[in-house]
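Visitor: Got a minute to walk through this one with me? I'd like to start with the cysteines.

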Amino acid sequence: MIVSVLGGTGDQGLGIVVRLVQQGVEVIIGSRAADKAEAAVEKVKELLKKDDIPNLSGMANEDAADKGEILILTVPLAAQMGTLKSVKDFVGDKILIDATVPLDTLVGGPPMRYVDLCQGSAAERTAEILKGTGVKVVSAFNNISNSHLMNFEEDIDCDCLVSGDDAEAKKTAMELIAKIPGVRCLDCGPLERARMVEKITPLLIGLNIKHKSHFGGLRITGIGSDKFVE
C-alpha cells in the first residue's frame with residue numbers, strides 16, 4: 001500500500017506522514033512543488049533522527065496522486081479546490097481521505113469559528129469537485145490535533161471519526177488510520193455526517209485555547225469495541 005499525503009508539508013500533513021512512516025507504511029509527501037516536498041522529507045529524517053527512510057519520498061502533488069493508492073488531503077480550505085483540480089486526472093477510483101475543516105481563518109477570523117459551505121461540508125465539497133472520477137471520498141482526521149500527531153513519541157489518546165458513502169473505502173481507511181498507536185476509528189455513517197464531525201474541530205480548538213492545552217481530543221464511550229477498527 002502506497003499512501004500519498006497531498007499538501008503534506010504542514011504540521012497536520014507532516015504529523016500524519018511521521019506516524020505512518022513509523023508503522024512501516026510507504027508514504028509519499030506531495031506538495032505544489034517537488035523541491036518543497038523533498039525538503040519535507042529531510043525534515044522528517046531530522047525529526048526521527050534517521051539518515052535514510054526507505055519508505056518515504058517526496059514529489060509534486062500530481063505525481064504523488066498518480067503513484068499513491070490511498071490519498072490523504074491535508075490542506076487548508078483556501079487550498080482545497082486548487083489542489084484537487086491539480087490532481088483530478090490522477091485520482092481514478094482510489095480512496096481519498098479528506099482532513100479539511102472549514103475554519104474562519106480562511107477570511108482572517110478566529111480558528112474556533114466554523115464556516116458553513118453550500119455543499120454541507122469540506123468532504124462533500126471534495127466529492128463535488130472530483131465528481132465523475134470514480135474516487136471514493138472518506139472524511140477523517142478532522143478531530144485529531146496537529147500537536148497530537150506531531151508528538152510522535154507518544155500514543156494518541158483520541159478517537160478518529162470517519163464518514164463516507166463507500167463501506168469498503170471506509171474500512172480500508174480505518175484500517176490504515178488505526179495503525180497509529182492509541183487511535184481508535186469509529187464509523188460515523190455516510191459522508192454527509194462530516195457536516196457534524198467537522199464542526200467538532202473548532203470546538204476542540206476553543207477548548208484547547210481556554211484551558212491552555214494543545215492535546216484536547218475526543219473519546220466516544222458506551223459503544224462496543226466491534227464498532228471500532230483497532
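Visitor: How many disulfides does the structure hold?
Guide: Zero. Keep in mind that this is a predicted model.

Visitor: Where is the nearest cysteine sulfur to C160?
Guide: It belongs to C185, 4.7 Å away. A disulfide needs the two sulfurs within 2.5 Å, so C160 is in none.

Visitor: Is C160 buried or exposed?
Guide: Buried, because its relative accessibility is 0%.

Visitor: And why is C188 without a bond?
Guide: Its closest cysteine sulfur is in C160, 8.6 Å off, which is too far. C188 is buried as well, with a relative accessible area of 19%.

Visitor: Switching to the core. How many residues has the largest nonpolar one?
Guide: It has 42. Those with the most contacts inside it are L20, I29, V44, L56, I72, I97 and F141. The largest share, six residues, comes from α1.

Visitor: Take L56. What does it touch?
Guide: Beyond residues up to four places away in sequence, L56 touches V17, V21, V27, I29, V41 and V44. Another core lies apart from that one. That second core has 20 residues, including V87, L96, A123 and L191.

Visitor: New topic: where does T133 sit?
Guide: In the loop between α5 (122-129) and β6 (136-139).

Visitor: Which backbone atoms does its side chain reach?
Guide: The T133 side chain reaches the backbone oxygen of L130 at 2.7 Å. It also reaches the backbone nitrogen of V135, at 3.2 Å.

Visitor: What is T133 in contact with beyond its neighbours within four places in sequence?
Guide: K88, V91, G92 and D93.

Methods. Residues numbered from 1 in each chain as written. Predicted model: local features only at pLDDT ≥ 70, side-chain atom pairs only at ≥ 80, totals over all residues. Heavy atoms only, no water. Buried < 20%, exposed > 50% of the residue type's maximum accessible area, 1.4 Å probe, protein only. Helix = DSSP H or I, 4+ residues; strand = E, 2+ residues; numbered from the N terminus. Polar contact = N/O pair within 3.5 Å; in protein donor to acceptor, adjacent residues only side chain to side chain. Contact = heavy atoms within 4.5 Å. Core = buried A, V, L, I, M, F, W, Y, C linked by side-chain atoms within 4.5 Å.
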